[in-house]
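Please work through the exercises below with the sequence and the structure at hand. Each one sets a task and then gives a solution in steps.

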Amino acid sequence: MASSTLDTSIGRIRSVWGPLDSALVAACQQHLQDLLRAPLTEEWLAALHEQAPANKELYRDPEHGFVLLAHTEHPGLYRPPHDHGRGWVIYAVQQGEIEMGTYARIDAADGEFSLVKRNTTLVRPGQVQVYLPGDIHDTRCVSGPALLFRFTERDLKKEDKVEHRLNRYVERDGSWKALAS
């Protein structure tokens with residue numbers, strides 16, 4: 001039986017897996033870019049386009065713990081600034097366009113803080129965007145429906161719901177504040 005682009009990409013990520021470093025991130029980026037070139041005739045990708053799931057787990061590695069998810073997002077969907085705790089993530093856009101902003105958290109002497117927007121990147125089909133542990137970012141679907149893959153090096157649901165390590169922010173009175181867990 002022929003291997004799909006999904007199987008091949010996952011196999012290649014598994015073969016290079018190790019501690020977080022620049023080489024691992026670069027290799028994972030490359031393998032996700034390869035995944036983005038999968039032909040629409042592959043059954044798994046055709047099903048994603050047909051079903052357009054808001055969130056679907058494509059793969060969970062039983063040994064290393066990384067997870068590959070597919071998300072369908074509609075124009076205007078906004079996910080406010082957040083980080084992924086100790087985890088790192090790669091977003092890969094297959095269809096549509098996602099605007100991703102990055103922020104720096106600036107702590108004041110009085111214990112208050114503010115988020116300062118560093119930049120905004122428009123991520124188009126075939127492109128990937130990496131966020132390392134602690135990187136604060138937001139996302140907005142600007143053209144779609146967008147189909148994107150989110151590769152996480154650990155189970156972020158556990159990181160969030162069990163270990164409470166993810167940080168989310170809400171806008172209040174013109175500035176971003178931490179959302180209480």
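## Exercise 1: the nonpolar cores

In this predicted model, the largest nonpolar core has 25 residues, and those touching the most other members are Trp44, Leu68, Phe149 and Phe151. Find which helices and strands each supply at least two residues of this core, and which supplies the largest share.

Solution. Begin with the contributors: at least two core residues come from each of H1, H2, H3, E2, E4 and E7. Next, take the shares, where H2 gives the largest, with six residues. Then turn to Leu68, whose contacts, leaving aside neighbours within four places in sequence, include Leu6, Ile10, Leu32, Leu35, Phe149 and Phe151. Finally, look apart from this core for another one, of ten residues, including Tyr91, Val93, Met100 and Val123.

## Exercise 2: the faces of H1

Determine which residues of helix H1 are buried, and what they pack against.

Solution. First locate H1 at residues 5-16, a helix of twelve residues that reaches 17 Å from its first C-alpha to its last, close to the expected 16 Å. Counting a residue as buried under 20% relative accessible area, one finds Thr5, Leu6, Ser9, Ile10 and Ile13. Seen down the helix axis, these buried residues fall within an arc of 130°, so they line one face of H1. Their packing partners are helices H2 and H3 together with strands E1, E2 and E7.

## Exercise 3: a hairpin

Trace how strand E4 is joined to strand E5.

Solution. Strands E4 (residues 89-107) and E5 (residues 113-123) run antiparallel and are joined by ten bridges; as one example, Glu99 has Leu122 in E5 as its bridge partner. Between the two strands of this hairpin lie five residues, and Gly111 takes a positive phi near 90°.

Definitions and conventions. Residues numbered from 1 in each chain as written. Predicted model: local features only at pLDDT ≥ 70, side-chain atom pairs only at ≥ 80, totals over all residues. Heavy atoms only, no water. Pairing = 2+ DSSP bridges. Helix = DSSP H or I, 4+ residues; strand = E, 2+ residues; numbered from the N terminus. Expected span 1.5 Å × (residues − 1). Buried < 20%, exposed > 50% of the residue type's maximum accessible area, 1.4 Å probe, protein only. Arc of directions from axis to C-beta. Contact = heavy atoms within 4.5 Å. Core = buried A, V, L, I, M, F, W, Y, C linked by side-chain atoms within 4.5 Å.
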